[in-house]
Amino acid sequence: MDDQLGNEEERGVSEKLAGAEAAERAGVSLSTLRRWVALGLFPKHDLSEGWGPSAIAQARSLVKLRERGYSIEQLQEAIAEGRLVGYADELVAEMVGERFTLKQAAKQSGLKAEVIEELIAAIGLPSGALDDLGAEDVEMFRHFETAVESGFPRDALLQTVRVYGQAVSKIADAEVRLVHLHVHEPLLRDGVSSERIAEQMDGITEELLPLFSPVIDHLHRRFLNHFVEQDIVGHMEAESGGGEIGQVRVAIAFADLAGYTQLTEEVGDEEAAGIVERFVGNVNQTLPDEARILKTIGDEVMIVSPDSASLTDWAVGFQVLSNERPLPRIGIHCGNVVFRDGDYFGREVNLAARVAARAAAGEVLVTWPVVEMAGKHLEFERIGEVQLKGFSHATELFLAGLPEGK
Amino acid sequence: MTAQFESTEQFRAVIDRAMTLMSEDPVMGPKLRDADVPQRFEFDDMDLVVNARAARQGEHGNLYWEWTDDVDWEPKVKLTMSSEVANSYFQGKENVPVAIARRRIKAGGDVKSALALIPITKPVYGLYRSMLEADYPQLVVQ
């Protein structure tokens with residue numbers, strides 16, 4: 001009896017479902033689902049033998065649209081015009097199929113239920129996801145279980161999946177938004193019908209999705225190799241002195257466009273966004289190999305590098321090449337920082353941000369540790385001891401540049 | 001040990017081939033032509049100057065260049081560097097802003113145009129290295 005129950009629990013049902021179960025999967029009551037069928041919201045689905053994945057996907061889409069305030073009449077109109085036939089349905093359809101409860105997933109994967117709960121929260125999926133896990137989720141938990149069994153620390157695993165969740169959700173969000181902006185909207189402007197757009201979107205998804213996953217996998221390997229190399233260099237440097245356990249020594253630069261807020265007033269959001277895009281692109285294209293953009297916030301870029309001297313050289317050279325308004329302003333500081341969840345934290349990071357905020361257009365402002373590490377080819381003009389916001393002690397600041405007359 | 005050119009003639013021949021690679025590349029060439037940024041490169045150790053611009057109607061390829069300052073156009077960007085830095089740059093081993101800070105490259109004129117050209121010319125690195133590996137292996141920078 002237990003075995004029978006166990007088998008039923010272990011495997012979700014993948015064939016057509018009865019109305020009650022379909023309603024549960026879609027997150028709606030059975031009576032509502034029946035009403036929607038009667039109102040003709042599933043014209044392309046044969047529901048005589050039960051609910052297939054595509055029909056359940058459409059039901060989920062309808063639930064989401066109702067939550068966003070669309071009326072039944074609007075949904076009927078959209079379905080009649082073919083606007084709900086598209087890539088979103090295809091994507092959601094993939095999430096339907098074999099389903100597992102948390103208990104089933106724990107049994108299948110070997111991970112404890114509470115660990116799965118922690119992982120789902122770390123990834124950033126809504127807690128409701130725990131009630132509706134797919135076969136690929138279970139497969140993912142099995143990989144996690146293997147990692148834990150192999151001795152990968154649980155805390156490190158949680159931090160890793162948190163970074164994955166943030167990065168991958170950003171990728172997916174960007175893909176959908178960029179396809180919408182660059183494909184969907186131009187088609188709409190050209191007067192293409194909604195139904196035709198839906199067909200186009202369908203094609204794009206089918207063609208591009210299989211291409212994107214290997215690209216992400218390849219880039220992951222490339223970056224992994226890059227950072228493993230840097231870590232090896234970091235170990236060698238730590239052995240030769242400097243660096244505290246649990247912290248990493250990095251140079252941190254913040255760069256933004258001086259007067260950007262005023263610029264948005266003058267030229268409008270679209271043009272200002274284009275200027276920021278070029279600025280971030282120029283930073284990205286010109287950084288030394290060992291430096292990287294950690295994140296961008298509006299027109300501000302945070303850069304980290306294990307090599308303070310080359311980052312300072314880059315900043316000075318970048319300012320020479322940037323003679324068009326709005327001019328960048330750059331602040332650099334280096335020190336020991338805490339690395340958590342793919343980001344850098346601590347007093348030194350805050351200090352670097354404050355230094356940048358003090359820089360004027362076209363300037364590179366740096367702290368004494370940066371001056372100490374810099375090459376002799378640069379000149380540093382001492383600004384003085386400056387009281388930076390949030391810091392109890394004054395910080396000695398220097399203006400970095402090329403020597404006069406050279 | 002740095003990779004050095006045997007002679008001025010060899011340097012000129014190699015840079016001519018690098019320019020041809022950029023001019024005739026189906027991706028880089030049209031982009032450089034559209035960017036339309038006349039550039040003057042001075043190679044101070046070789047006492048050589050090359051002026052380059054977008055090809056005009058009827059001229060072959062996408063770029064046109066002459067090894068002289070006696071040209072009928074004004075350069076927009078002026079870059080001065082040694083033959084060693086030029087060779088290193090074309091192999092993707094010279095970061096332009098860093099080289100400017102270290103005075104390995106001196107930049108003048110409308111330098112923001114030079115910034116815009118950096119991503120366009122990146123594909124030349126691989127092509128240039130392949131050319132060196134085939135014909136001038138002693139110039140490959142490790």
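**Exercises on helix α13 and the nonpolar core**

The buried residues of α13(A) pack against β3 (247-257), α12 (260-267), β4 (292-297), β5 (300-305) and β6 (328-340) of chain A, and also against α5 (111-121) of chain B. A residue is buried if 20 or more other C-beta atoms lie within 10 Å of its own, and exposed if 12 or fewer do, with C-beta atoms placed from the backbone. Helices (H or I, at least four residues) and strands (E, at least two) are DSSP runs, numbered from the N terminus.

The model is predicted: local features need pLDDT of at least 70, side-chain atom pairs count only at pLDDT 80 or more, and totals for chains, interfaces and linings use all residues. Residues are numbered from 1 along each chain as its sequence is written, and chains are lettered from A in the order in which they are written.

**Exercise 1.** Determine which residues of α13(A) are buried and how they are arranged about its axis.

*Solution.* Step 1: Ala272(A), Val276(A), Phe279(A), Asn282(A) and Val283(A) are the buried residues. Step 2: viewed down the axis, they fall within an arc of 125 degrees (taken from the directions from axis to C-beta atoms), so they line one face of the helix. Step 3: on the other side, Glu270(A), Glu271(A), Gly274(A) and Glu277(A) are exposed.

**Exercise 2.** Identify the contacts of Ala352(A), leaving aside neighbours within four places in sequence.

*Solution.* Step 1: two residues are in contact if their C-beta atoms, placed from the backbone, lie within 7 Å. Step 2: the partners of Ala352(A) are Ile252(A), Ala253(A), Phe254(A), Gly331(A), Ile332(A) and His333(A).
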